[in-house]
Structure formats: C-alpha cells, structure tokens
Amino acid sequence: MAKYFVIIILLILLFLIFWNLQKNTAPRNRLDLLSSRYIDQGPREVGSANLVTAVVVAYRGFDTLGEVIVLFLAATGVGFLMQKRQKAYPKSNPASEILRTGSDVLLPVIILTGTYIFLHGHLTPGGGFQGGVVIASGFLLQFLARPESRIKVRKLHFIESISGFFYVLSGLAGLILAGGFLDSRFLPLGKWGELISAGAIPLIYSFIGLKVGSELVGILNNLKGD
Amino acid sequence: MREMAFLGFALVLLGFWAMLTRKNILRIIIGFTIIDSGIHLIIVNLGYLPGRTAPILEKGMRVGDLSKHFVDPIPSALVLTAIVIGLAVTALMLVYAVRIYERKRTLNIDKYRELKW
C-alpha cells in the first residue's frame, strides 16, 4: 500500500511539472524564424513538395544519418544478443490456410506499396523510414504464415551494407559537388512535382528505405529465433 | 491544441503507472512504449498552429506566403526521428526480455533475487 502511495505522489509531482510548463507557454500564432525560412525557401532551394522531407533529408540530413546509425546499432545488438541460444520452445501449430494464402497474395503488394512510399517521399506524405517499415511488415506477415521459412540472411546483410554505403557516399558527393555533407543538390533539381526531381532526395530516401527495411527484417528474423 | 498536449501527458502518466506497478517485464515494456507515444503527441503538438495544414505543397499553392498556411515542419521531422529510435530501443528491450526469460524461466521481476538487497 505504501508503494502505491509513493507512486501516486510521484505521478502528481510529474503532473505539476507539466502543468507549470503548460501554464507558462503562450500559444503560438505564427512560426518562428527558422521554420518560416524552411517553409518559404524549401520548395525553391531543395525542390521538395513535402517540406518535412526537405527538413529530414536536406536541411537536417546529418540527424537522419545519426538516426540510421542508431537503428543499425540496435539491429546489431539484437543480432548479437540473439545468437547461440539454446532452443527450448515448443513447436507452434501450422498457420491456417487463409493466413498462408493471404500472405502469399499480399506480400508482393505490400513490398510494392513500401517502394511507392519511399520513392514518393519528396512529393507525398511518407519517406524512407515509413516505406522500410511497410516492407518489413510484409515479411512479418510471411513469418507468421510460414514460421518454418528461412530468409537468406547473407543477401539481407548485403542489401543493408550496400545501401548504407551508398547513403554515406551520396553525402560525400554533396560535400564535393554541392554545398556540404548530405547536400541533396548535387543532382539537378528537375521540374517541381515530378517523380525524378528534388535533386538527390529520391535517391537518398531509396537508400534509407532499403536499409531500414532490411534492418527491420533482420531484427524480426532474429526475434523469430532459429 | 491544448487538449492534445494534455492527452499526450495523460499517456505519459499512464505509461509511468504501468512501468511502476506491473510485475511482468513485457508489460513494463508496453508501459515504455505508451510513454513514448505520449511524448510524440506532445512534441507534434508543439508544432501545431490553429487553422493551418500539413507542410506539403500542392498544385495551385502560391510560393511566397506559405509560412502563413503551414504548421511547423521541424517538430514533425524530430518526431520521425524519435519514433524510429523508440522502435530500436523497444526491439533491444524485447531481446533482453527474451534472454532473461531463457535464463530465469520467468518474466516476473519479483522472482529475480539478484535485484534485492
């Protein structure tokens, strides 16, 4: 009982912190200088219709590189911790006919949708991370439908390494050919609103999508065991 | 959108409650993900301005006075980062839970004697 009392006191104190923060911040009715610069100059400078993509890939590309590295480290840690485990789990029942057939039908469509999402990251809501997660969800469905199936881990690691390598390489290309590291303007900006436009953003987001997708499939494969 | 910030903070408190009172490690991890979602709601809410739309250009919009029509894109970009990192941390925590289960054959933290003194 004393424990619950302490916990409730703690939560009340946390709520007071938030209450004070909320009371002392005035509601915003206009953007600050940096945001309005990104919004006003983004379409002209970067050529991307989705301004969140312009911030993520072009203006703050370095953050995104760090994010990809964090995800890579987590995937490596998962792989390291899950190797050489003694197998003591009972065998699960085979999946039903509906799940297996549905998974076979849906897997290509899900991969196509994921590819669409990361290729159109500069035009529509979406991008490399979202597309990669959609692709991994297709493989999760396949793992649920056929627990005995194996994926080719070497090919997966090859895709992951190659896309990460080309991501950093395109960053270096921006350093040499354009304004700085991960500057996406080393390719021509093209006509606004078309698929091949906005400099290197579709290229960079494709590398990120492939890398995130293969990393998440690797994490799922490790968590599946065997 | 003050209500949305309160909703996010209610999720944070709920997640803390789950993490502090539950005994099962998987439920503690679920509590962590609830805190995560609450924080994402709060950060996205920081960039919201009333009556504006998502910062995605469409045909027919006039470049020049866009900063009067769009919400702040920076919190959205930061939340994108935070979601991916939350996913990575959750995956690592789940793997630790699997390893602990293999070692101890239980997920109840009261049964782990090493943590007591």
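These legends describe close-up views of salt bridges in a predicted model.

**View 1. A salt bridge within helix 8 of chain A joins Glu215(A) and Lys211(A).** The two side chains meet at 3.1 Å, N to O. Both residues belong to helix 8, which covers residues 201–224 of chain A. They sit 4 residues apart, about one turn of the helix. Glu215(A) is buried. Lys211(A) is buried too.

**View 2. Asp110(B) pairs with Lys23(B) in chain B.** The closest N and O atoms of this salt bridge are 3.8 Å apart. Asp110(B) lies in the segment after helix 3 (73–104), while Lys23(B) lies in the loop between helix 1 (2–21) and helix 2 (25–46), so the pair ties together parts that are 87 residues apart in sequence. Asp110(B) is partly exposed, at 35% relative accessibility. Lys23(B) is partly exposed as well, with a relative accessible area of 30%.

**View 3. Glu102(B) and Arg99(B) form a salt bridge within helix 3 of chain B.** Their side chains meet at 4.0 Å, N to O. The residues are 3 apart in helix 3, about one turn of the helix. Glu102(B) has a relative accessibility of 8%, so it counts as buried, the limit being under 20%. Arg99(B), at 31% relative accessibility, counts as partly exposed.

**The wider count.** How many salt bridges does a search of the whole structure find? Over all chains, the search finds 5. Among them are the pair Glu215(A) and Lys211(A), the pair Asp110(B) and Lys23(B), and the pair Glu102(B) and Arg99(B).

How values were computed. Residues are numbered from 1 along each chain as its sequence is written. Chains are lettered from A and ligands numbered from 1 in the order in which they are written. This is a predicted model: local features need pLDDT of at least 70, side-chain atom pairs count only at pLDDT 80 or more; totals for chains, interfaces and linings use all residues. Side-chain values use heavy atoms; hydrogens and water are left out. Helices (H or I, at least four residues) and strands (E, at least two) are DSSP runs, numbered from the N terminus. Buried means under 20% relative accessible area, exposed over 50%, partly exposed in between (1.4 Å probe, protein chains only).
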